[in-house]
Amino acid sequence: MPAKVHLICGKIASGKSYYARSLSAREGAVILSCDEITLLLPDLKERHDAVTGAIRGLLMEKAAVIARGGCPVILDWGFWTDSYRRETAAYFEKRQVPVRWHYIDVSDETLRRHIAERNARQGESAYFVDEGLLGKCLSLFEAPKRQEMDEWIVPEA
């Protein structure tokens, strides 16, 4: 029987990667992160969305293979829209790979604090988030319903 693929849903800078590392330590899971790869690719700019889409597709394929081999996997990206969450669930269901959804639910205050902390580390392991990028990302985000998620995490403020 395949291991689970853990899908981490949440806004930009909500603490998904921090949570993924903690979950990885508990579950012995491999983390697959789109951001880790795109940070290695300079000058994406107008190609960013197409490139990240291709990377996510590849990582989903690898997640299914790894999980079928018996190792749990964590996909560390936001799953920002309802339609993308449904497509992802259908993808793994078709491959008979079980999934577990995790939502990181942060307050606006906590989100702002995370962004300030993240921006202080710019270049290390995260993108710099200015007001323009934050506005774009928040406008794209569709919060999940509680019944969609297996785990609803509210980090301490």
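This section describes the largest pocket, a nonpolar surface patch, two backbone features and the salt bridges of a predicted model.

The largest pocket has a volume of about 1400 Å³. Its lining comprises 46 residues, of which Ile12, Ala13, Lys16, Asp35 and Arg118 are the closest to the pocket centre. Two or more lining residues are contributed by each of helix 1 (16-27), helix 2 (34-38), helix 3 (48-68), helix 5 (108-120) and helix 6 (131-140). Helix 1 supplies the largest share of the lining, with seven residues. By residue class, the lining of the largest pocket consists of 21 nonpolar, 12 polar and 13 charged residues.

Ala13, one of the residues closest to the centre of the largest pocket, is also notable for its backbone. Most residues other than glycine have a negative phi. In Ala13, by contrast, phi is positive, with a value near 65°. Ala13 is placed in the loop between strand 1 (5-9) and helix 1. The relative accessibility of Ala13 is 9%, and the residue is therefore classed as buried, the cut-off for this class being under 20%. A positive phi is also found in Gln96, where the angle is near 55°. Gln96 belongs to the loop that connects helix 4 (82-94) and strand 4 (99-104). With a relative accessibility of 65%, Gln96 counts as exposed, since that class begins over 50%. The two residues with positive phi described here thus carry opposite labels, Ala13 being buried and Gln96 exposed.

On the surface, a nonpolar patch is formed by Ile37, Leu40 and Leu41, which together present about 270 Å² of accessible area. Leu41 is situated in the loop between helix 2 and helix 3. Its relative accessibility is 37%, so Leu41 is assigned to the partly exposed class.

Side chains of opposite charge can pair when their charged atoms come close. Five salt bridges are present in the structure, and three of them are described below. In helix 4, Arg86 pairs with Asp82, with the closest N and O atoms 2.9 Å apart. These two residues are separated by four positions within the helix, about one turn. Arg86 is exposed, because its relative accessible area is 52%, whereas Asp82, at 24%, is partly exposed.

A comparable spacing along the chain occurs in helix 5, where Arg113 and Glu117 lie four residues apart, about one turn of the helix. The side chains of Arg113 and Glu117 form a salt bridge with an N to O distance of 3.5 Å. Both partners count as partly exposed: the relative accessibility is 32% for Arg113 and 39% for Glu117.

The remaining pair described here joins Glu131 to Arg112, with 2.8 Å between the closest N and O atoms. This salt bridge links distant parts of the chain, as Glu131 is in helix 6 and Arg112 in helix 5, 19 residues apart. Glu131 is classed as exposed because its relative accessibility is 56%. For Arg112 the relative accessible area is 46%, and this residue is therefore partly exposed. Helix 5 and helix 6, which are connected by this salt bridge, are also among the elements that give two or more residues to the lining of the largest pocket.

Note on methods. Residues numbered from 1 in each chain as written. Predicted model: local features only at pLDDT ≥ 70, side-chain atom pairs only at ≥ 80, totals over all residues. Heavy atoms only, no water. 1 Å grid on protein atoms, 1.4 Å probe; cavity = no way out; pocket = protein on both sides within 12 Å on 5 of 7 lines; lining within 4 Å. Points joined across faces, edges and corners; volume = space filled by probe spheres on them. Nonpolar A, V, L, I, M, F, W, Y, C, P; charged D, E, K, R; others polar. Patch = residues over 30% accessible without salt bridge, like charges linked within 9 Å, V, L, I, M, F, W, Y side chains within 5 Å. Areas by Shrake-Rupley, 256 points an atom, 1.4 Å probe, with all protein chains shown as cover. Salt bridge = Lys/Arg side-chain N within 4 Å of Asp/Glu carboxyl O. Buried < 20%, exposed > 50% of the residue type's maximum accessible area, 1.4 Å probe, protein only.
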